[in-house]
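I am opening my notebook to look up how side chains meet in this structure. My entries follow ring pairs, charges and burial, in the order in which I checked them.

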Amino acid sequence: MSGAAAANWPEDNQRHLMARLGDVRDALLRHAVRGSEVSAEAQTGSGKRQARRRPAKPHAEHSALETLCGAFGLSRFERDVLLMCAGMELDSTFAGLCADAQGSPQRAYPTFSLALAVFSDAHWSAVTPASSLRRWRLIEVGAGETLMSSPLRIDERVLHYLAGISYLDPRLVCLIEPEPAPAELAPSHREVARQIASGMRRSAESGGTATIYLGGDEAAGKRAVAAFACAQLGMQLHVLRCSNVPASSLEREALARLWEREAALSHGVLLLEDDAPENRRAVVSWLDHTEAAFLVASREPFSLFRGELIRLEVKKPTPAEQRLLWQESLGETAASLNGELEPLVSQFDLGLADIRAASASVREGISEDAGADLGLKLWDACRAGGRARLDDLAQQIEPMAGWDDLVLPAPQLRILREIGAQVRQRARVYEAWGFAAKASRGLGVSALFTGASGTGKTMAAEVLARELRLDLYRIDLSAVVSKYIGETEKNLRRVFDVAEAAGAVLLFDEADALFGKRSEVKDSHDRYANIEVSYLLQRMEAYRGLAILTTNLKNALDSAFLRRIRFIVQFPFPDAAQRADIWRRIFPRETPVEGLDIGKLARLNIAGGNIRNIALNAAFLAADLGDCVRMSHLLSAARSEYAKIEKPLTGSEFKDWV
């Protein structure tokens, strides 16, 4: 439709609808005249009604009425029934005409009986529930003594559509949301959109029903790609989460009919987002009994019995594409970044929507010479974007410790600094220096922290996260591992998928819960346990951020697993000198202390975590007494800590304390 035709369409559509309503009005008038004795005065009145006929009938092409009739295959008789019901809402004379035609003032409404008597080409099949009028709920049958005498009423959504006003049916609003098409896409996403449009066009031309599966880990990208493809076909994408598909078969049937009608009226296409695997059976049942075209955003294809299956992958834009998206989103502001885009692209794996959101949140108010400030603000905006999604999957740890808080031998400190350097320099080594082009595996930075409880493993992770200016999330592997086959991988996949965008440091506690030495495969559970280990190793190797695993039992880990970890840091139990160093640093400068003997405190043969507990508990004891922290408070706190860990406090450890 040309621009001029589109501009004139509302008026043309209105004229065409009024012309067709006039035809129905004339038919009712003729039937009323034939069915009763009319006076000359009534004849004159009828003539006056006819004298108000509209001018020549306008061209019907692209009118809402003709489009609707074509979409639902309405016969001429069914069209006239629909128009008779529409006339009741749009023309005040229709009620009187219906009453006159039916010979009763109490029957001032359309009925099937009236339609069969008034219109040519009448057929009984239009009355049945399987007819287009009733199957697609174009009209509603009210309460009456019989089906033929019951009042008919046009559905409100259909009425407004005929009048040229289109909107999403209110009964679908709470379940289905429209997805606007983006103005542009990354080149790789544009190619997927082209394949979607091609598959849908080919399916429509062949008269089949295609279901297009969109796999991959880019949830927002799937929506954008699907909406872009639909827009190329002149269609509107809507999204339905699988969790919103009703469990009741009757409710599913009602939803299916409403959506199929909506798809026909608005040229809509539905994207089903697989957010509820437990609801798949209901979703599959619904899809198999629905004739409209669908796209499904899911990692794993459903088992369907309908139509052609087209499987496509929607991945995050490539690093090069992300770099261009950042430059386009930031506009002239990008010039002030002074090379700080590379670390952003390397650390945060973002799609178009996230990049635009982060850019918009910091673009305003940044002066042209504040490149460093803009870089930090963009960095923090990227962190914040993924933080909300990770909070539901893992426990966030606020990094408070710095390098000065770590008491470790020099070799361990050197390795930790190497880990930080590799995360910082990923972009230069992998992209600029070409290592990523050599191999796609093993590009993630993974580390295993092993040592007894309280030796500083979590603190070291905090130090790295703080230095790298990244969020730190702890995942308890013992809680992630599931006895149900396949559930562990799903749990891990959700964590990594969300963390990938957030660029977070992931700390997996209790690694031995999953990475114990493999035994002989005796049944399916043993086989899937090995698959779980392989899956986590694979995701760690591909993870763009830093993944850290901790364990108290290094000897319990499989040697094959250890070979695939880039860094292994052994956290030794602190000796007396290291314990003394910990005691010197344990109290904040603001804490009032008096008479503390570091040499005597260092005789307590405990790890740094226990030292912290003793210091904190002693501070509470002193505060409650209104005193400074003294050796007596520390002795009392030490006895409580030793009792908690079920370790005897020997005389040599607290000799001459007080």
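Does R223 count as buried, partly exposed or exposed, and at what relative accessibility? I looked this up first, keeping in mind that I am working with a predicted model. R223 has a relative accessibility of 12% and therefore counts as buried, because the cut-off for buried is under 20%.

Entry on R223 and its partner. I found that the side chain of R223 meets that of E177 in a salt bridge, with 3.3 Å from N to O. This pair links distant parts of the chain, since E177 belongs to strand β3 (residues 176-179) and R223 to helix α11 (residues 219-232), 46 residues apart. E177 is partly exposed, with a relative accessible area of 28%, whereas R223 is buried. I then followed the contacts outward and noted that E177, E179, R223, R241 and E273 are linked in a network of salt bridges.

Entry on the other salt bridges. I searched the whole structure and the search gave 33 salt bridges, so I picked out further pairs to read closely, beginning with D23 and R20. The side chains of D23 and R20 meet at 3.1 Å, N to O. Both residues lie in helix α1 (residues 3-34), 3 residues apart, which is about one turn of the helix. When I checked their burial, D23 came out as partly exposed at 24% relative accessibility, while R20 is buried with a relative accessible area of 8%.

Next I read the salt bridge between E262 and R157, whose side chains meet at 2.9 Å, N to O. E262 lies in helix α12 (residues 249-266) and R157 in helix α8 (residues 156-162), so this pair ties together parts that are 105 residues apart in sequence. I noted that both E262 and R157 are buried.

Entry on charges over rings. R157 came up again here, for it lies over the face of Y167, at 5.0 Å from the ring centre. I also looked at R417, and found its charged end over the ring of W403, 4.0 Å from the centre of that ring.

Entry on aromatic pairs. How many aromatic pairs does the count come to? I noted a count of 7 aromatic pairs. One of them is formed by F449 and F571, a tilted pair with 5.1 Å centre to centre and 55 degrees between the planes. F449 lies in strand β10 (residues 445-451) and F571 in strand β14 (residues 567-571), so the pair ties together parts that are 122 residues apart in sequence. I looked up the burial of each ring's residue: F449 counts as buried at 0% relative accessibility, and F571 is buried with a relative accessible area of 1%.

I then turned to F496 and Y543, whose ring centres are 5.5 Å apart and whose planes stand at 75 degrees, so I wrote the pair down as edge-to-face. This pair, too, links distant parts of the chain, with F496 in helix α23 (residues 487-502) and Y543 in the loop between α24 (524-542) and β13 (546-551), 47 residues apart. F496 is buried, with a relative accessible area of 0%, and Y543 counts as buried at 1% relative accessibility. As a last step I followed the ring pairs around these residues, and found that they link F496, F508 and Y543 into a cluster.

Key: Residues are numbered from 1 along each chain as its sequence is written. This is a predicted model: local features need pLDDT of at least 70, side-chain atom pairs count only at pLDDT 80 or more; totals for chains, interfaces and linings use all residues. Side-chain values use heavy atoms; hydrogens and water are left out. Rings of Phe, Tyr and Trp (its six-membered ring) pair if their centres lie within 6.5 Å; planes under 30 degrees apart count as stacked, over 60 as edge-to-face and the rest as tilted. Helices (H or I, at least four residues) and strands (E, at least two) are DSSP runs, numbered from the N terminus. Buried means under 20% relative accessible area, exposed over 50%, partly exposed in between (1.4 Å probe, protein chains only). A charge sits over a ring if NZ of Lys or CZ of Arg is within 6 Å of the ring centre and within 35 degrees of the ring normal. A salt bridge is a side-chain nitrogen of Lys or Arg within 4 Å of a carboxyl oxygen of Asp or Glu.
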